[in-house]
Structures are given as C-alpha cells and as structure tokens.
Amino acid sequence: MACVILEDESLRDGLQFEPKVLRLEDMLALFRLLVAAGVKRLQVGSFVHPTIVPQMADTDEFIRTVKDKHR
C-alpha cells in the first residue's frame, strides 16, 4: 500500500512572498486551521532577519507559542 504524506508550507514559503505581514494571532489561527484539517507536517517559519523577510519576524515567538500549547 502506498503512503502519502501531506506537508504544508503556507506559514513559511506561502507567507514570505506576500506583501502583507500577518499578525502573530493570524498566523496562529492559520496554524490551528491546518491542524484541524488533519495536516500532520507543517513548515512554520524561517529564522531570517526581519529587514530581509519581514513576514518571518515573529517566527521565534510563533514557535514558542505553538510548542507551549501543543505538548
């Protein structure tokens, strides 16, 4: 039987090229929707300088928040 793994990159690749920078709360809401939809593997951000990719400015706080709430 074949195995298919769905991996979502919306919170990383999907956001970093958008002109609008989402608030942390909006990123967390998107994360919760993806988890509720059953996505098991999520790429949630990149650790880059916010002047280069402002959409990834809250990656560290995002990961701390998700880690604390999803243990």
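Colleague: Are Phe31 and Phe62 buried or exposed in this model?

Modeller: The model is a predicted one, and in it both Phe31 and Phe62 are buried. Burial is judged from relative accessible area, with under 20% as the limit, and by that criterion buried residues make up 27% of the 71 residues in the protein chain.

Colleague: How many aromatic pairs does the structure hold, and what is the geometry of the rings of Phe31 and Phe62?

Modeller: The structure holds 1 aromatic pair. To classify such a pair one looks at the angle of the ring planes, where over 60 degrees counts as edge-to-face; the rings of Phe31 and Phe62 have centres 5.8 Å apart and planes at 85°, so this pair is edge-to-face. The pair also links distant parts of the chain, since Phe31 belongs to helix α2 (residues 24-36) and Phe62 to helix α3 (residues 59-69), with the two positions 31 residues apart in the numbering.

Colleague: At what angle do α2 and α3 pack, and how far apart are their axes?

Modeller: The packing of two helices is read from their axes, and for α2 and α3 the angle is about 45°, with the axes 11 Å apart. An angle of this kind falls outside the roughly parallel range, which ends at 35 degrees, and outside the roughly perpendicular one, which begins at 65; α2 and α3 are therefore oblique to each other. Their crossing is right-handed, and the contact is made by Leu24, Met27, Leu28 and Phe31 on the α2 side, with Glu61, Phe62, Thr65 and Val66 on the α3 side.

Colleague: In what order do the elements of the protein chain run from the N terminus on?

Modeller: The elements run β-α-α-β-α, and the secondary structure comes to 3 helices and 2 strands. For the overall extent, the C-alpha trace spans about 45 × 25 × 20 Å along its principal axes. Among contacts between residues at least 6 apart in sequence, 66% join residues at least 24 apart.

Colleague: Which residues does Thr59 touch, leaving aside those up to four places away in sequence?

Modeller: Thr59, which lies in helix α3, touches Gly45, Ser46 and Phe47 when those sequence neighbours are not counted. Thr59 is buried, with a relative accessible area of 1%. Its C-alpha atom is separated by 21 Å from that of Ala36, a residue 23 places away along the chain.

Colleague: Where is Ile5 placed, and is Ile5 buried or exposed?

Modeller: Ile5 sits in the segment before β1 (7-8), and Ile5 is exposed, with a relative accessible area of 54%. Ile5 and Ile63 are 58 residues apart in sequence, and their C-alpha atoms are 22 Å apart in space.

Colleague: Which elements have the lowest and the highest mean pLDDT?

Modeller: Confidence is read residue by residue and then averaged; among the elements of the protein chain, α3 has the lowest mean pLDDT, at 89, and α2 the highest, at 94. For the chain as a whole the mean pLDDT is 89, and 97% of the residues reach 70 or more.

Notes: Residues are numbered from 1 along each chain as its sequence is written. This is a predicted model: local features need pLDDT of at least 70, side-chain atom pairs count only at pLDDT 80 or more; totals for chains, interfaces and linings use all residues. Side-chain values use heavy atoms; hydrogens and water are left out. Rings of Phe, Tyr and Trp (its six-membered ring) pair if their centres lie within 6.5 Å; planes under 30 degrees apart count as stacked, over 60 as edge-to-face and the rest as tilted. Helices (H or I, at least four residues) and strands (E, at least two) are DSSP runs, numbered from the N terminus. Buried means under 20% relative accessible area, exposed over 50%, partly exposed in between (1.4 Å probe, protein chains only). pLDDT is the predictor's confidence in each residue, from 0 to 100. Axes are lines fitted to C-alpha atoms, for helices over the stretch in contact, and angles run from 0 to 180 degrees between N-to-C directions. Angles under 35 degrees count as roughly parallel, over 145 as roughly antiparallel, 65 to 115 as roughly perpendicular and the rest as oblique. A crossing is left-handed if the near helix is turned anticlockwise from the far one by less than a right angle, and right-handed if clockwise. Contact means heavy atoms within 4.5 Å.
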